[in-house]
Amino acid sequence: MKMTKTLLATTALSVAAGAASAQDMADEMTIVSWGGAYQESQVKAYVEPYIANNPDVSVTWDESSAEAVAKLRAQNEAGNLTWDLVDVTAADAMRLCDEGLAMEVDHDEILAPAPDGTPASEDFGDMIVSDCFIPQIAYSYTFGYRTDVDAWNGNTPDEICDVFDLETFPGKRSLEQRPHNNMEWALMCDGVPQEDVYDVLETPEGQDRALAKLDTIKDEVVWWTSGADTPQLLADKEVVFGSTYNGRLFSLIEEQDQPVAMMWDAQSYDLDGWIIPEGLEEDKLARVLDFLYFATDTQRLADQAKYISYGPARQSSAPLVGEHAELGIDMAPHMPTNPENASNAFVMNYVWWADYRDDLDSKFQSWLAR
Amino acid sequence: MTINITEPKPVSFVVPVVAAAGAFLGIFVGTAHDNTLLGLLGGAVITGLLALIFLTIFRREREARWISVAGFAVIGYLLGGLPGGVIGIAAGWFFGWFIFWLGEGRYRAKLAPYYTPMQVLWHFSFRVICGMIFFFLITPIVVVMPLSFNAENFFTFTPEMLRFAPEGYSLKHYEDFFTNSDWQQALWNSLSIAPAATLLSVGFGTLAAIGLSSEHVPFRRPIMAILISPMIVPLIISAAGMYFFYSRIGLQGTYLGVVLAHAALGVPFVIITVTATLVGFDRSLTRAAANMGANPVTTFFRVQMPLILPGVISGGLFAFITSFDEVVVVLFVGSAGQKTLPWQMFIGLREQISPTILAVATILVGISILLLTTVELLRRRSERLRGMSPG
């Protein structure tokens with residue numbers, strides 16, 4: 001009975017969508033994303049199949065996700081919205097939602113249910129961290145290290161505190177030039193249990209403690225700002241150890257064949273997904289909703305994992321993750337969500353960071369300048 | 001009476017100078033092998049000894065210079081393989097020449113005989129400083145060129161490249177540029193925006209310069225200052241201002257908007273170069289033309305324009321390059337549909353450090369050199385023609 005209902009509902013929806021597409025949908029979409037291999041995976045997994053079904057539609061890409069918040073503010077102030085769909089991190093989605101720049105959505109209404117009929121909100125589960133946020137992938141900040149460092153005498157780093165161990169693992173490391181994750185890792189390696197990290201970090205003493213721990217390696221750190229930095233630095237032997245997004249390291253190791261290996265310990269999860277800018281014209285909104293319904297269904301999210309090693313946000317997509325599209329290797333062991341990789345993982349607390357970000361940012365920057 | 005100034009110099013002068021030069025070279029060799037101090041000392045000792053031997057025991061220049069080349073080539077090869085050997089040959093040739101150039105006092109041959117030692121020193125220091133400035137300016141551009149032929153996807157000189165092994169090189173980044181639709185779209189956008197912007201800035205800039213150089217125009221200085229302001233105001237401020245203004249009037253994110261913005265940036269260059277050529281322009285020529293019955297338009301095209309053309313062309317060239325290289329304003333005023341080459345390179349550097357950017361850079365450097373050479377040849381030709389014709 002339930003099955004029939006779902007089927008009926010789905011048919012009704014697709015009929016409605018089909019009827020609408022003829023007259024009321026815009027044929028052009030500007031999608032904002034991050035560029036590079038990640039955007040390429042979205043092109044392959046979502047946009048190309050969508051255009052195959054809707055040949056009239058043309059998509060323009062804007063690689064501006066890094067400054068999405070600032071640009072959406074400017075577009076709002078200028079009263080000139082030029083974006084239709086924006087890929088942002090969970091933390092940015094929350095900010096945009098709070099500022100009223102992103103549209104609040106009812107996930108069950110606009111997104112497809114899982115193949116077994118589980119509603120979207122349950123299928124995505126905890127990943128829906130904001131009413132405006134339509135989750136897409138889980139990625140993580142993790143470490144890669146060169147496998148050919150003579151000075152390490154055959155030792156390989158396997159836990160997060162090895163980053164702070166300059167005696168066993170000498171050489172430059174690259175860390176992101178912002179407090180996120182670095183402060184957490186520093187405290188964990190200064191003896192704070194993982195579950196207490198944010199409590200300790202709330203106090204000024206805790207913050208100083210984290211910075212003091214970072215001080216011990218500060219002279220050996222190269223600070224990165226863009227996801228492409230660490231892979232380049234590792235390939236260049238400028239650093240022997242570095243943090244970055246796990247997908248970048250996958251590409252460095254498997255696709256570019258560099259002598260680098262992953263260290264998954266204490267990887268820090270983060271989410272990435274879509275937001276719809278507030279105030280879209282009706283025909284554009286109709287097109288975006290039609291695209292989103294398609295691009296976030298179970299199969300499409302699983303398809304994306306063929307091109308990049310980020311975990312699909314739907315629970316129902318996980319069993320469908322297969323092999324890499326070109327290399328033919330099994331992708332499951334490269335997912336940050338793979339149980340073996342996730343044994344000591346933690347989820348970066350963006351709610352906490354939203355409150356403390358401004359304070360800690362300035363404290364961290366002035367520490368950097370010292 | 002002739003003054004023979006190219007006389008052999010004392011060893012006590014030559015050896016320390018050569019050793020100093022050797023120490024300078026040694027710093028780089030040493031740093032490359034993680035021991036700057038050893039390199040510095042080693043360079044000084046080796047070259048100093050070489051100078052001492054050549055000037056005292058073995059003063060046979062031709063053989064000595066060959067020995068120097070061979071010796072340095074071997075040292076270079078041992079330290080850095082094939083590329084090291086090549087650098088070694090160059091260094092050996094230089095020191096062989098340098099020792100005898102100093103030792104025989106040949107360096108004074110072309111200088112005025114009354115120069116004091118300090119003046120001689122300054123004469124050569126000046127040249128060395130100039131050479132170093134050129135080196136400093138050009139090296140970063142030259143270094144990226146071989147990297148654009150990298151077989152790997154990183155900005156890295158791989159061991160294969162350093163061995164000059166063919167498998168270390170490839171044209172795949174050039175292929176990527178010519179086949180990737182993002183890059184081709186960006187190239188096409190740049191090629192359609194820059195000429196349009198150049199035409200507009202040359203037209204408006206030339207007219208403005210002519211108007212502003214006639215004395216009867218009131219408020220010439222304030223007007224000039226306003227027109228030139230896009231060159232002086234920080235670009236990011238112009239860009240933000242244009243963004244909000246163009247958004248209100250519906251020009252933001254359009255082809256026309258980007259062209260207009262770039263034209264505004266190019267106008268000051270045209271005004272400045274044309275104003276400079278107008279200084280040498282004889283106003284009585286226009287009056288003579290008017291006297292003979294030519295209307296102002298005919299006068300402009302037949303008399304004034306040909307004479308100020310060099311200024312117009314070089315102004316136009318600057319305007320073109322401004323538009324072609326510009327990234328800040330187009331990021332604000334353009335939308336993703338007007339992605340220009342610099343924009344695409346900017347994204348590429350931030351999101352994906354790919355040598356395709358270097359391939360594009362190499363092509364652009366090539367185009368710039370071609371463009372500047374053409375203009376320079378044209379200018380020389382017109383100068384020659386003008387020199388031949390009377391008046």
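**Briefing: chains A and B of a predicted model**

Chain B is divided into two parts by its domain assignment, namely domain 1, which takes in residues 11-114, and domain 2, which takes in residues 180-354. The structure described here is a predicted model, and it scores an ipTM of 0.77 together with a pTM of 0.78. For chain B, the mean pLDDT is 88, and 97% of the residues in this chain reach 70 or more.

**Chain B and its domains**

- Between the C-alpha centres of domain 1 of chain B and domain 2 of chain B there is a separation of 52 Å.
- According to an unreviewed UniProt entry, residues 187-375 of chain B carry the annotation "domain: ABC transmembrane type-1".
- That span, residues 187-375 of chain B, is 81% helix and 0% strand, and the C-alpha atoms at its two ends lie 23 Å apart.

**Where the two chains touch**

- On the chain B side, 18 residues are in contact with 20 residues of chain A.
- Helix H9 (235-248) and helix H14 (341-351) of chain B each supply at least two residues of the side of chain B that touches chain A.
- When the residues on this side of chain B are sorted by character, seven are nonpolar, eight are polar and three are charged.

**Helix H14 of chain A**

- Helix H14 of chain A, which runs over residues 350-369, has a kink of about 65° that is centred on Tyr356(A).
- The buried residues of H14(A) are Tyr350(A), Trp353(A), Leu360(A) and Phe364(A).
- Among the elements of chain A that cover these buried residues of H14(A) are helix H4 (90-98), helix H7 (182-188) and helix H9 (204-215).

**Phe164 of chain A**

- Phe164(A) is placed in a loop of chain A, between strand E4 (134-146) and strand E5 (173-176).
- Because Phe164(A) has 17 C-beta neighbours inside 10 Å, this residue counts as partly exposed, given that a residue needs 20 or more such neighbours to be buried and 12 or fewer to be exposed.
- If its neighbours within four places in sequence are left aside, Phe164(A) is in contact with Cys189(A), Lys213(A), Thr216(A) and Ile217(A).
- Lys213(A), one of these contacts of Phe164(A), belongs by its number to helix H9 (204-215) of chain A, a helix that also helps to cover the buried residues of H14(A).
- Leu85(A) and Phe164(A) are 79 residues apart along the chain, and their C-alpha atoms are separated by 40 Å.

Technical notes:
Residues numbered from 1 in each chain as written. Chains lettered and ligands numbered in written order. Predicted model: local features only at pLDDT ≥ 70, side-chain atom pairs only at ≥ 80, totals over all residues. Helix = DSSP H or I, 4+ residues; strand = E, 2+ residues; numbered from the N terminus. Contact = placed C-beta atoms within 7 Å. UniProt positions renumbered as here; feature names shortened; annotations may be inferred. Bend = angle between axes of the 7 residues up to and from the residue. pLDDT = per-residue confidence, 0-100. Domains from an automatic or database assignment. Nonpolar A, V, L, I, M, F, W, Y, C, P; charged D, E, K, R; others polar.
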